[in-house]
Amino acid sequence: MDMTARHETAPLAARLRAPLARLQSIRKNFGPLVALDGVDLAVHAGEVVSLLGANGAGKTTAIGLLLGLLQPGSGSAALFGQAPGSIQARRRTGVMLQDGGVHGDLKVRELLRLTRSYYPRPRGLGDCVALAGLQGLLERRYDKLSGGQQRRVQFALAICGRPQLLFLDEPTTGLDIQARGQLWDAVRALVAEGCGVLLTTHYLEEAEALSDRVVVLDRGRVAAAGSVSDLRARVAQRRVRCVSSLDPATVSGWPQVLSAARDAGHLEIVVREAEPAVRRLLEADPALRELEVTRAGLADAFIHLTRAQDAA
Ligand code: ATP
């Protein structure tokens with residue numbers, strides 16, 4: 001069947017709902033090692049899906065399957081409704097992997113010119129420079145750039161073809177805070193244009209800042225999936241911070257306290273329920289000040305969810 005023709009004639013709503021990238025019931029082994037076991041994943045237009053997991057959880061393997069670099073043992077992988085790896089799919093996809101694979105002896109301007117030439121409707125050079133923060137770097141050789149500058153060039157190369165789907169594998173590793181913020185803004189701008197993004201990151205604040213949905217992988221299985229607030233809500237924890245002379249070792253022994261530690265002069269405790277813990281803190285240290293209670297963040301949820309798998 002001519003998939004392109006079917007795609008063009010599908011009703012608009014269905015086309016908008018159809019995922020750009022999809023893994024269904026994927027199992028992938030490397031010899032005896034099971035890297036992915038029954039994984040489902042979908043990325044739609046105009047959303048950022050973050051794939052989270054500890055080292056070796058299977059994130060890069062999932063991306064490799066979607067790009068057609070790896071073949072599944074069982075289950076199916078699809079990009080734009082077709083088998084990954086076709087030239088049509090590649091022209092609609094931007095990729096920033098962990099190892100750049102960039103010709104180091106070329107200047108940034110040459111790299112951009114070359115990569116833009118592969119795509120039918122590339123983004124303007126000025127746009128690429130602005131989005132990736134490459135001002136002043138166009139005439140520099142890639143292999144003479146700093147690690148963070150090279151990462152920004154890799155981002156520019158990933159987006160210069162005006163992709164409908166973007167794979168970002170730990171894109172901000174090695175970037176300073178300003179460059180990281182700039183890359184987040186660029187991702188938001190692309191998503192606002194309708195681009196779908198699959199992001200892997202070890203920075204949970206990055207997933208929290210950018211994601212519409214999060215998929216947590218744990219040793220090759222999906223441990224949890226949902227929006228950032230869904231995942232946070234699954235962890236009924238509160239973080240209590242205050243300035244107090246109380247000893248964390250003593251506080252961690254209280255029944256409602258999950259952990260207690262000292263952090264930059266503050267006592268920081270994680271509790272199941274804030275109220276009884278705060279009451280007990282105030283009783284134990286009437287001089288306590290700067291009390292702050294916050295909800296569990298994505299980082300707390302991630303640790304909780306992967307620990308729950310360990311216990312199971
Ligand atoms: P990281 O956060 O460290 O990048 P990851 O979640 O991306 O980790 P993968 O690279 O997908 O993890 O690896 C999943 C598992 O599969 C690991 O145990 C890894 O050692 C193994 N693995 C990956 N690629 C291969 C390969 N080509 N041959 C053998 N084992 C592999």
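This is a short tour of a predicted model, going from packed helices to charges over rings and then to two residues with positive phi.

**Stop 1: helices H6 and H7**

Select residues 125-132, which form helix H6, and residues 147-159, which form helix H7. Two packed helices are described by the angle between their axes and the distance between the axes. For H6 and H7 the angle is about 135 degrees, and the axes are 9 Å apart. H6 is therefore oblique to H7, since an angle would have to be over 145 degrees to count as roughly antiparallel. The crossing of H6 past H7 is right-handed.

Now show the side chains where the two helices touch. From H6, pick Cys128, Leu131 and Ala132; from H7, pick Arg152, Phe155, Ala156 and Ile159. Sorted by class, this contact has six nonpolar residues, one charged residue and no polar ones.

**Stop 2: helices H7 and H8**

Keep H7 on screen and add helix H8, residues 177-192. How do the axes of H7 and H8 cross? They cross at roughly 5 degrees and come within 12 Å. Because angles under 35 degrees count as roughly parallel, H7 and H8 are roughly parallel to each other.

On the H7 side of this contact, select Arg152, Phe155 and Ile159. On the H8 side, select Ala179, Leu183, Ala186, Val187 and Leu190. The classes here are seven nonpolar, one charged and no polar residues.

**Stop 3: charges over rings**

Select Arg92 and Phe80. Arg92 lies over the face of the Phe80 ring, 4.0 Å from the ring centre. Next, select Arg180 and Tyr203. Here the charged end of Arg180 sits over the Tyr203 ring, at 3.9 Å from its centre.

If you look for aromatic pairs, with ring centres within 6.5 Å, the count is zero.

**Stop 4: positive phi**

Go to the loop between strand S8 (213-218) and strand S9 (221-226), and select Arg219 there. Arg219 is not a glycine, yet its phi is positive, at about 45 degrees.

For the last selection, take strand S13, residues 289-295, and pick out Glu290. What is the phi of Glu290? It is positive, about 50 degrees, although Glu290 is not a glycine.

Conventions: Residues are numbered from 1 along each chain as its sequence is written. This is a predicted model: local features need pLDDT of at least 70, side-chain atom pairs count only at pLDDT 80 or more; totals for chains, interfaces and linings use all residues. Side-chain values use heavy atoms; hydrogens and water are left out. Axes are lines fitted to C-alpha atoms, for helices over the stretch in contact, and angles run from 0 to 180 degrees between N-to-C directions. Helices (H or I, at least four residues) and strands (E, at least two) are DSSP runs, numbered from the N terminus. Angles under 35 degrees count as roughly parallel, over 145 as roughly antiparallel, 65 to 115 as roughly perpendicular and the rest as oblique. A crossing is left-handed if the near helix is turned anticlockwise from the far one by less than a right angle, and right-handed if clockwise. Contact means heavy atoms within 4.5 Å. Ala, Val, Leu, Ile, Met, Phe, Trp, Tyr, Cys and Pro count as nonpolar, Asp, Glu, Lys and Arg as charged, and the others, Gly among them, as polar. Rings of Phe, Tyr and Trp (its six-membered ring) pair if their centres lie within 6.5 Å; planes under 30 degrees apart count as stacked, over 60 as edge-to-face and the rest as tilted. A charge sits over a ring if NZ of Lys or CZ of Arg is within 6 Å of the ring centre and within 35 degrees of the ring normal.
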